Amino acid sequence: MKLEINTEQLMRELHALAAISSEPAPVVTRVVYSEADMRARAYVKQLFAAAGLQVRDDAVGNIFARWVGQDAEAPAVGTGSHIDAIPNAGMYDGVVGVLGGLEAVRALQRSGVRPRRSIELLVFAAEEPTRFGLGCPGSRILAGTVSPETARQWKDAEGQSLDALRRAAGFTGEVKDAVLPQNYYGQFVELHIEQGKFLEQEKIPIGAVTHIAAPASAFITIEGAGGHAGGMLMPDRKDALAAAAKFILAVEAAAKATDSMDTVATVGICDVFPGAINSVPSRVKLSLDVRDIDPARRDGVLHELAQVSEAISKKRGVKIHTEMLNADAPAASDGAILRAIEAACQENGLQCRRMVARAYHDSLFMARIAPMAMIFIPCRDGVSHRPDEFASPEEITRGVQVLAHTLASLAG
Ligand code: GLV
Ligand code: MN
Ligand code: MN
């Protein structure tokens, strides 16, 4: 089957969506339920409707756009990704899987294919942890990995609950109705940029993702004692930021000590109180993000850091409180979908490499309710979560080709 991908139209749509941002170009910032997010949703929904798809939102703002198959009752084949973007992000993360997924559907429609099973395009409410401090809130709810009651109480930094925010955004149904039944999707496939350098370095156009890493995150609050930067003598200090510095270096060391490239650990937030040049820091709030494809090794790092906290606390007379936000299990891809991706690559004369995904993806949670796999395409220098994130039109087109063939083979 030869599929014509309309790269020009797809790139026009990618750029149009990138222009919908709460910060000026080239920065893309779209936090879930923000004004920019709502405009972006309206834009993609209008594209979905123009392609003849049946569009619906659920109670938390996951968007579903269905190309109804000949057997409308059979479990659908799902694809899609996210359009929310962290502050100061670029235009490809997530969006390639949404607009690329749409173009895959349109290419199949143009080719005259009429799939047996429905193909459904999904835009997850949010993949990024920006608003609620927790990645993939939409797919966590869909997959039933969190109770609807707990999800409704998730709060953003201003203390606004998911329940209040989603209602204000116009999503007023029952959150419990957003949970999908186990057989809703027969399979789920997500197209995404790699956000790493393997494909680019090895000059391989397509990655078939075999595992998604297990992420864990926490907030660490360090309480010391503040005071006058001149008057408070060094022997009397319980400087919370100095203690934090020790902890941050221990995070880096603990990840490196596993000797595995698959262990990564990051402190990305450091809020210092009171934050004055002439005041000894009395309180620091840190974020901690640890990931690995081996959950036991990741938990080993968390355990090591708990011991480090205790030692720092004793030595420096500070109190350290750890609030775990999540410690998710990794996901393994489905063998049959991986083989369908590889067959699609072969049909298109494209080299393909099996690899692991180290970033958060909604597919991590979709794997709980359906066989899942992901398709990766290269991105320049492995850069992501930055305005200069880039994937070429050719690379995107190849990804869409492979996605379209995979969807056609899965939907029958
Ligand atoms: C999201 O992109 C994440 O991996 O945290
Ligand atoms: Mn991201
Ligand atoms: Mn993403």
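**Ligand 1 and its surroundings**

Let me start with a contact. An oxygen atom of ligand 1 lies 3.2 Å from an N or O atom in the side chain of Glu128. Taken alone, ligand 1 exposes 190 Å², and the protein buries 91% of that area. Keep in mind that this is a predicted model.

Stay with the ligand. Glu127 gives a similar kind of entry: an N or O atom of the Glu127 side chain is 3.3 Å from an oxygen atom of ligand 1. Then there is Tyr360. Here the partner is a polar backbone atom, and an oxygen atom of ligand 1 is 2.6 Å from that atom.

Which residues surround ligand 1? The list is Glu127, Glu128, Arg291, Ala359, Tyr360 and His385. By class, that shell holds three charged residues, two nonpolar ones and one polar one. And the space ligand 1 takes? That space is the largest pocket.

Now zoom out to the chain. How many helices and strands does the protein chain have? There are 12 helices and 18 strands. Along the principal axes, the C-alpha atoms fill a box of roughly 80 × 45 × 40 Å. The radius of gyration is 23 Å. For 412 residues, a compact globule would have a value near 22 Å, so the chain agrees with that.

Next, backbone geometry. I have two cis peptide bonds to show you, and a phi angle.

Take Ala25 and Pro26. A cis peptide bond joins them, with omega at about 5 degrees. Where is Pro26? Pro26 sits in the loop between helix H1, residues 7-18, and strand S1, residues 28-30.

Move along to Phe273 and Pro274. The peptide bond from Phe273 to Pro274 is cis, and omega is near 5 degrees. Pro274 is in a loop as well, between strand S12 (270-273) and strand S13 (279-280). Phe273 itself is the last residue in the range of strand S12.

Last item: Asn88. Asn88 is not a glycine, yet its phi is positive, at about 65 degrees. And Asn88 belongs to a strand, namely S5, residues 85-89.

To recap the ligand: the protein buries 91% of the area ligand 1 exposes alone, and ligand 1 takes the space of the largest pocket. That's my tour.

Conventions. Residues numbered from 1 in each chain as written. Chains lettered and ligands numbered in written order. Predicted model: local features only at pLDDT ≥ 70, side-chain atom pairs only at ≥ 80, totals over all residues. Heavy atoms only, no water. Near = heavy atom within 4 Å. Polar contact = N/O pair within 3.5 Å; in protein donor to acceptor, adjacent residues only side chain to side chain. Areas by Shrake-Rupley, 256 points an atom, 1.4 Å probe, with all protein chains shown as cover. 1 Å grid on protein atoms, 1.4 Å probe; cavity = no way out; pocket = protein on both sides within 12 Å on 5 of 7 lines; lining within 4 Å. Sits in = over half its atoms within 2 Å of the grid points. Nonpolar A, V, L, I, M, F, W, Y, C, P; charged D, E, K, R; others polar. Helix = DSSP H or I, 4+ residues; strand = E, 2+ residues; numbered from the N terminus. Rg over C-alpha atoms; globule rule 2.2 N^0.38 Å.
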